[in-house]
Amino acid sequence: MYHLLGGIFLGWSLGANDAANVFGTAVTSRMVSFFTAAILCSGFVVLGSVLEGQAGMATIGALAQQNLYSATVTSVGAAVSITMMTLMRIPSSTSQAVVGSIIGVGLISGADLQLLGLIKVAICWVGTPIGALLIAWLLYRSLGYLFNSLSPNIYTHDELMRAGLVLSGAYGAYALGANNVANVTGVYVGAGLLTTFWGMLVGGLSIAVGVITYSKPVMATVGKAIVRLDAFSALVVVLSEAIVVHVYAWVGVPVSTSQAVVGAVIGVGLIKQASAVKGSTIYRIVMGWMITPLIAGLVAAGIYFVTHLRYVP
Amino acid sequence: MILSTLTEPQRYAVSLVDLFMRRERKVQKLMGRYMETWIGCIRAFRDAWDIYLNEGITEEFLYRVDATHKEESRTDDMRREIEHELYAKALIPESRGDILGILETVDRLLTEAEWTLYELQLQEIVLPDPIKPNIVKTVDLTCSCCEMVNKAVRALFVAGGKRRDIEELTDEIDHLESEVDHLERALIRGIFKLEIDTGEKLLLKGLVRRLTKVSDGAEHVADRLTLVSVKRRV
């Protein structure tokens, strides 16, 4: 079972990284304490993983033929690249790291890669920020209309915002678990080491541990450096991201919550006609997206290659 | 909200919100009490002026000046209590800043009102008859302005208040304030046409300027309220 450590490590880094996308703005604007956010986030991640994680498991498990060894190398390659991104405080995509690793290991080991499956995944990746942008635009317009009709005083406004951010954060965590648990243990389920249920449970729990132990610094980056949003816009962004990620959980393709957040922020920015996202930070994120699968692929292929070297006297 | 009209689940929801938002609810209640005392102070100021205009500086006038001072001191205590709650992290940071800013401007307005009465009392100012009608009008308009400020602050901060009411109320404050400005100019022109000592003229001018600072303060509050309201419009 020690093979699973690679997956658990990956789950930990995913939790540390992606919790920021659902509770980052609420925590950094001090509407919710980090402790409350971490508890809510980890609980709902486990719930989402166990209740709705199976579709993604099927997709990731079928991308390439896996054995126990290749599954472990895939996980470790992805986890190392994600951890590097986390330490550099760059929100990155675990989904792209895992797929990058699967391709890297697949190419070097000569395993069959499912091209159609990869194309489906790539299309969904492109659809993630675009979908989030559209949903954010619609939500901002419709919820904004309702909100203005309500015309609440300052206290009711605060209460609504705080409750909205907590609820949408919890929903976002649920969607994160449902969508991304396949990144953590999908390859092990594909390799036959775990049943789907145990894969979802172990994956969900390892993400939860990452949320509790190391998500605070990334939350600071997401909340303060990337977006400078008012409470209502933050609510719309988190809700849009949660909806998109949840939809892709049903489709069965793990996607990037970071990409969804950036898409949603741009959607809100289109309405407000303001630059709510710092250009330099977006550049860093986009570079992260491009570098993450590349690094993951190279690291995984490198590990696979090195561990297959044999001494020939 | 009347709790008895709610169903059991609604009551449960209200208690749950109260549990999580108890600091916010406390600040809201304190703000309501603050504004009650604040408008009480303005009404005491009004009473003092009425007595002064009809009877001059009498025991009754001095009693009203003292009442105004006591009410003003109570608002100071309440303001400190609200600030304490806000610093203890009630509400989101943006709202904390807005409330502190509004409290500061609203409080300044009372200080000006109180000092108008002190000028009358300490300098024993006697109003010449030709300027009295305009002074009466100015006091009337100033107090109406303050009543509007009370309503506008309540619309934004007190339970049941609606943000959409702010625009109408702040427009009214602006309108009243510009009428006071007209009267101020007319009064100063009138004062300097009077055949009295120049020193007396300057005293009267100082009094008028001090009195009109109250409505200037009201306009300042209105501007801040508009800003706070607009910031929350989606």
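**Exercise 1.** Which residues of helix α3 (residues 54–62) of chain A are buried? Find them, then look for what covers them.

*Solution.* A friendly reminder before starting: this is a predicted model.

- Step 1: Apply the cut-off, under which a residue is buried if 20 or more other C-beta atoms lie within 10 Å of its own.
- Step 2: In α3(A), the buried residues are Gly56(A), Met57(A), Thr59(A), Ile60(A) and Gly61(A).
- Step 3: Now turn to the cover. It includes α5 (94–109), α6 (115–150), α7 (154–191), α8 (196–214) and α10 (231–251) of chain A.

**Exercise 2.** Describe how helix α1 (residues 4–28) of chain A packs against helix α2 (residues 34–52) of chain A.

*Solution.* Let's take geometry before chemistry.

- Step 1: The two axes come within 10 Å and cross at roughly 130°.
- Step 2: That angle makes α1(A) oblique to α2(A), because it lies outside the ranges for roughly parallel, roughly antiparallel and roughly perpendicular.
- Step 3: As for handedness, α1(A) and α2(A) cross in a right-handed sense.
- Step 4: On the α1(A) side, the contact is made by Gly15(A), Ala19(A), Val22(A), Phe23(A), Ala26(A) and Val27(A). Helix α2(A) contributes Phe34(A), Ala37(A), Cys41(A) and Val45(A).
- Step 5: Sorted by class, nine of these contact residues are nonpolar, one is polar and none is charged. Gly counts as polar, so the polar residue is Gly15(A).

**Exercise 3.** Work out how the fold of chain A is built, and whether its radius of gyration agrees with or departs from that of a compact globule.

*Solution.* Start with the elements and finish with the overall dimensions.

- Step 1: Chain A holds 12 helices and zero strands. Along the sequence, its pattern reads α-α-α-α-α-α-α-α-α-α-α-α.
- Step 2: Consider contacts between residues at least 6 apart in sequence; in chain A, 88% of them join residues at least 24 apart.
- Step 3: Of the 313 residues in chain A, 61% count as buried.
- Step 4: For 313 residues, a compact globule would have a radius of gyration near 20 Å. The value for chain A is 19 Å, which agrees.
- Step 5: Along the principal axes, the C-alpha atoms of chain A fill a box of roughly 80 × 35 × 30 Å.

**Exercise 4.** Place Trp49(B) in its chain, and decide whether it is buried or exposed.

*Solution.* One residue, three quick checks.

- Step 1: Trp49(B) sits in helix α2 (residues 22–55) of chain B.
- Step 2: Trp49(B) has 25 other C-beta atoms within 10 Å, so it is buried.
- Step 3: Compare sequence with space: Trp49(B) and Glu119(B) are 70 residues apart in sequence, while their C-alpha atoms are 12 Å apart.

Methods
Residues are numbered from 1 along each chain as its sequence is written. Chains are lettered from A and ligands numbered from 1 in the order in which they are written. This is a predicted model: local features need pLDDT of at least 70, side-chain atom pairs count only at pLDDT 80 or more; totals for chains, interfaces and linings use all residues. Helices (H or I, at least four residues) and strands (E, at least two) are DSSP runs, numbered from the N terminus. A residue is buried if 20 or more other C-beta atoms lie within 10 Å of its own, exposed if 12 or fewer, and partly exposed in between; C-beta atoms are placed from the backbone. Axes are lines fitted to C-alpha atoms, for helices over the stretch in contact, and angles run from 0 to 180 degrees between N-to-C directions. Angles under 35 degrees count as roughly parallel, over 145 as roughly antiparallel, 65 to 115 as roughly perpendicular and the rest as oblique. A crossing is left-handed if the near helix is turned anticlockwise from the far one by less than a right angle, and right-handed if clockwise. Two residues are in contact if their C-beta atoms, placed from the backbone, lie within 7 Å. The radius of gyration is taken over C-alpha atoms; the globule rule is 2.2 Å times the number of residues to the power 0.38.
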